[in-house]
Amino acid sequence: DDANTERFARMVQAMSSSTQFLYISHNKISMEMASQLVGITMPEAGVSRVVAVDIAEAVGMAEPMAA
């Protein structure tokens, strides 16, 4: 449930200053707290592609567009 996911997210954030975490999730709340998202996409059958997004960099790129 959302309350447990939020507790998990706070715990990961608190521990991330001394530990690097890699976790697999499709949960919106846990993905929102991540500093980087990595996914796999299949643009065509049999061809997989890694897609990575640094959240701080993406926000920096989006801010000039919003102005």
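Helices (H or I, at least four residues) and strands (E, at least two) are DSSP runs, numbered from the N terminus. Keep that in mind for the views below, where Ser16, for instance, sits in the loop between helix 1 and helix 2. This is a predicted model, in which local features need pLDDT of at least 70, side-chain atom pairs count only at pLDDT 80 or more, and totals for chains, interfaces and linings use all residues. Residues are numbered from 1 along each chain as its sequence is written, and side-chain values use heavy atoms, with hydrogens and water left out.

**View 1. How confident is the predictor in the protein?**
The average pLDDT (the predictor's confidence in each residue, from 0 to 100) is 89 for the protein. A score of at least 70 goes to 99% of the residues. Strand 2 (residues 47-54) has the highest confidence, at a mean of 94. Helix 3 (residues 55-66) has the lowest, with a mean of 84.

**View 2. Phe8 meets Tyr23 in an aromatic pair.**
The structure has one aromatic pair. Rings of Phe, Tyr and Trp (its six-membered ring) pair if their centres lie within 6.5 Å; planes under 30 degrees apart count as stacked, over 60 as edge-to-face and the rest as tilted. Phe8 and Tyr23 are edge-to-face, with 5.6 Å centre to centre and 85° between the planes. Phe8 belongs to helix 1 (residues 2-15) and Tyr23 to the loop between helix 1 and helix 2 (28-32), so the pair ties together parts that are 15 residues apart in sequence. Now for how open the two are: buried means under 20% relative accessible area, exposed over 50%, and partly exposed in between (1.4 Å probe, protein chains only). Phe8 is partly exposed at 32%, and Tyr23 is partly exposed at 27%.

**View 3. Phe8 turns up again, this time in a nonpolar surface patch.**
Its partners here are Met11, Met15 and Phe21, and together the four have about 340 Å² of accessible area. Such areas come from the Shrake-Rupley method with a 1.4 Å probe; for residues, only the protein chains shown count as cover. Patches are made of residues with over 30% relative accessible area and no salt bridge (a side-chain nitrogen of Lys or Arg within 4 Å of a carboxyl oxygen of Asp or Glu); like charges are joined within 9 Å, nonpolar side chains (Val, Leu, Ile, Met, Phe, Trp, Tyr) within 5 Å. Phe21 lies in the loop between helix 1 and helix 2 and is partly exposed, at 35% relative accessible area.

**View 4. Thr5 and Ala9 are tucked away in helix 1 as buried residues.**
Thr5 counts as buried at 14% relative accessibility. Beyond its neighbours within four places in sequence, Thr5 is in contact (heavy atoms within 4.5 Å) with Asn27, Ile29 and Ser30. Ala9 is buried too, at 7%. From Ala9 to Gly46 is 37 residues in sequence and 34 Å in space, C-alpha to C-alpha.

**View 5. Ser16 and His26 share the loop between helix 1 and helix 2.**
Is each of them partly exposed or exposed? Ser16 is partly exposed at 40% relative accessibility, while His26 is exposed at 78%. Ser16 and Ala58 are 42 residues apart in sequence, with 21 Å between their C-alpha atoms. For His26 and Ser48, 22 residues apart along the chain, the C-alpha separation is 18 Å.
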